[in-house]
Amino acid sequence: QVQLVESGGGLVQAGGSLRLSCTASRGSFSRANMGWFRQAPGKEREFVGAVSWTGSGTYYADSVKGRFTISRDNAKNTVYLQMNSLKPEDTAVYYCAASAGPWNADTWTGNQGVYAFWGQGTQVTVSS
């Protein structure tokens, strides 16, 4: 069973940048496809992006494409979400999640049902 802990959230002005980290303990992180999700107040949790277990495949929601980048360092059991050109609408609690299944459309389109393990979330607030 994989345990995930996010960090790096905070308050930033619009146009600024933040890098979130998600570190895994226990379990086979290096073989897990990883996803980032976010939930804004009063809204459902939504997919942000995903990275394959090898790191060679990445997918992003249209709302963040070109601004956010996901990467991973399997030696450090860590996946990153680099967020640039932040907008007030990016304000949300950000979660990382792990999927032990295959790298397929369910994982790269953010089907939350295939992500079995979730972190506790980290708050990102973007001021205008």
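What follows is a conversation between a biologist and a modeller about how the terms applied to this structure are justified.

Biologist: What kind of model is this, and which atoms and residues count?

Modeller: This is a predicted model in which local features need pLDDT of at least 70 and side-chain atom pairs count only at pLDDT 80 or more, while totals for chains, interfaces and linings use all residues. Residues are numbered from 1 along each chain as its sequence is written, and side-chain values use heavy atoms, with hydrogens and water left out.

Biologist: What makes the link of Cys22 and Cys96 a disulfide?

Modeller: The term requires a pair of cysteine sulfur atoms within 2.5 Å, and the S to S distance between Cys22 and Cys96 is 1.9 Å, so the pair qualifies under that cut-off. By this rule the count comes to 1 disulfide. The link of Cys22 and Cys96 is right-handed, with 55° about the S-S bond. Because Cys22 lies in strand β3 and Cys96 in strand β9, the pair ties together parts that are 74 residues apart in sequence; strands here are DSSP runs (E, at least two residues), as helices are (H or I, at least four), numbered from the N terminus.

Biologist: Why are Cys22 and Cys96 called buried?

Modeller: Buried means under 20% relative accessible area, with exposed over 50% and partly exposed in between (1.4 Å probe, protein chains only). Cys22 is at 0% relative accessibility and therefore counts as buried, and Cys96, with a relative accessible area of 0%, is buried as well. Across the protein, buried residues make up 44% of the 128 residues.

Biologist: What makes a set of residues a nonpolar core, and which residues have the most contacts inside the largest one?

Modeller: The set must consist of buried Ala, Val, Leu, Ile, Met, Phe, Trp, Tyr and Cys residues joined through side-chain atoms within 4.5 Å. The largest such core has 29 residues, and Met34, Trp36, Leu81, Met83 and Tyr94 have the most contacts inside it. Strands that each supply at least two residues of this core include β4 (33–39), β8 (78–83) and β9 (92–99). A second, separate core of 5 residues includes Phe37, Ala50, Ala97 and Tyr115.

Biologist: Why is the protein called as compact as a globular protein of its length?

Modeller: The radius of gyration is taken over C-alpha atoms, and the globule rule is 2.2 Å times the number of residues to the power 0.38. For 128 residues the rule gives 14 Å, and the protein's radius of gyration, 13 Å, is close to that, so the description holds.
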